[in-house]
Amino acid sequence: MHSTLPQNSNINILPIKAFNDNYIWLLQEKLNGIIIDPGDAKPVIKTLIGKDIDLKAILITHKHYDHTGGVEELIKHYPDVQIFGPENIEFKFKYIIVKEDDVISISGTKVRFNVIETPGHTLDHIVYVDKENLFCGDTLFACGCGKLFEGTYSEMFKSLLKISSLNPNTKVYCAHEYTKENIQFALTIDPDNYQLNERYKKLKDVEITIPSLLKEELETNPFLRAKTSDEFKLIRKRKDEF
Ligand SMILES: [Zn+2]
């Protein structure tokens, strides 16, 4: 699949912090901006104005409020903004529904993304991917994965398999800073994993640990290392009790 993914050159990707531990990602191409999962409009507007960026598009990964809560306020400030998201009747704003394998093009820019459906954390969850970057919301975290609020273990396991098959050099932009506690949990599953121990040492004093590389996730993330749906289920259950 990854040989056909769109390539976005000359883009800059920056985190905008929101709430306690959310990242709203800003993708910048010249003075055009694309925002992924704006749970809160305030820090987004402040950043866009500060950098003199015009908001062209909003990409939504799933329905949770900490990913969508800022959308309506952003529409008020940027009435021409294009919005993309998964099919969900709970969304009250006007937007373009996207599905598995859709390629989206952001008007007024050269930016394109492919859509992958990743049900599990929620049933509507999708991720956006190009040749080098993955915006995965709450499906995959650095050294962890999203809680299963709606999907089955087997659905989430399959969703993670789709991500595992991407190019290992893909940068993983998830939506929360949970890395350190995820690594601490992973060490209880896989204490002798050399790369995992190295990752712990490398990140223990780092404030912003995202993005990671998919390669690192394949080596150290217990949820991507699970070989079967049952093994995945066991690890996910242990994490819920951690
Ligand atoms: Zn969520």
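## Long-range contacts, a mixed sheet and helix α1

In this predicted model, 61% of the contacts between residues at least 6 apart in sequence join residues at least 24 apart. The protein has 9 helices and 14 strands, and its radius of gyration of 17 Å is close to the 18 Å that the globule rule gives for 242 residues, so the protein is as compact as a globular protein of that length. Taken along the principal axes, the box filled by the C-alpha atoms is roughly 50 × 35 × 35 Å, and buried residues make up 43% of the 242 residues.

The largest nonpolar core has 60 residues, of which L59, L134, F135 and C136 touch the most other members. Strand β2 gives the most to this core, with 5 residues.

**The sheet.** An open sheet of 6 strands, with mixed pairing, has the order β1-β2-β3-β4-β5-β6. Strands β1 and β6 (96-97) stand at its edges with a single partner strand each, so one side of each is left without a neighbour in the sheet. As general background, strands of a sheet pair through backbone hydrogen bonds, in either the parallel or the antiparallel sense. Both senses are represented in the two strand pairs tabulated here, each with one pair of facing residues.

| Strand pair | Sense | Bridges | Facing residues |
|---|---|---|---|
| β1 and β2 | antiparallel | 7 bridges | L14 and L26 |
| β3 and β4 | parallel | 5 bridges | I36 and L59 |

Strands β1 and β2 form a hairpin with 3 residues between them, and in the turn F19 has a positive phi of about 50°.

**Two residues of β4.** L59, which stands in β4 opposite I36, is also among the residues that touch the most other members of the largest nonpolar core. Leaving aside its neighbours within four places in sequence, L59 is in contact with I34, I36, F84, Y128 and F135, and F135 is itself listed with L59 among those core residues. A57 also has its place in strand β4, and A57 counts as buried because it has 24 C-beta neighbours inside 10 Å, where 20 or more are required. With neighbours within four places in sequence again left aside, the contacts of A57 are I34, V81, Q82, F84 and I106. One of these, V81, lies 24 residues from A57 along the chain, yet the C-alpha atoms of the two are separated by 5.1 Å. Both I34 and F84 thus appear in the contacts of L59 and in those of A57.

**Helix α1 on the sheet.** Within helix α1 (residues 41-50), A41, V44 and L48 are buried. Seen down the axis of α1, its buried residues fall within an arc of 65°, so they line one face of the helix. In general, an α-helix has 3.6 residues a turn, so residues three or four places apart point the same way. The face of α1 turned away from its buried side carries the exposed residues K42, K46, I49 and G50. The buried residues, for their part, pack against β1 (12-18), β2 (22-29), β3 (32-36) and β4 (54-59), and also against helix α3 (71-77).

With respect to the sheet that includes the parallel pair β3 and β4, α1 packs on it, touching β1, β2, β3 and β4, and the direction of α1 makes about 140° with that of β1. Just after α1, D52 takes a positive phi of about 60°.

Methods:
Residues are numbered from 1 along each chain as its sequence is written. This is a predicted model: local features need pLDDT of at least 70, side-chain atom pairs count only at pLDDT 80 or more; totals for chains, interfaces and linings use all residues. A residue is buried if 20 or more other C-beta atoms lie within 10 Å of its own, exposed if 12 or fewer, and partly exposed in between; C-beta atoms are placed from the backbone. Helices (H or I, at least four residues) and strands (E, at least two) are DSSP runs, numbered from the N terminus. The arc is that of the directions from the helix axis to the C-beta atoms. Two residues are in contact if their C-beta atoms, placed from the backbone, lie within 7 Å. The radius of gyration is taken over C-alpha atoms; the globule rule is 2.2 Å times the number of residues to the power 0.38. A nonpolar core is a set of buried Ala, Val, Leu, Ile, Met, Phe, Trp, Tyr and Cys residues joined through C-beta atoms within 7 Å. Two strands pair if DSSP finds at least two bridges between them. Axes are lines fitted to C-alpha atoms, for helices over the stretch in contact, and angles run from 0 to 180 degrees between N-to-C directions.
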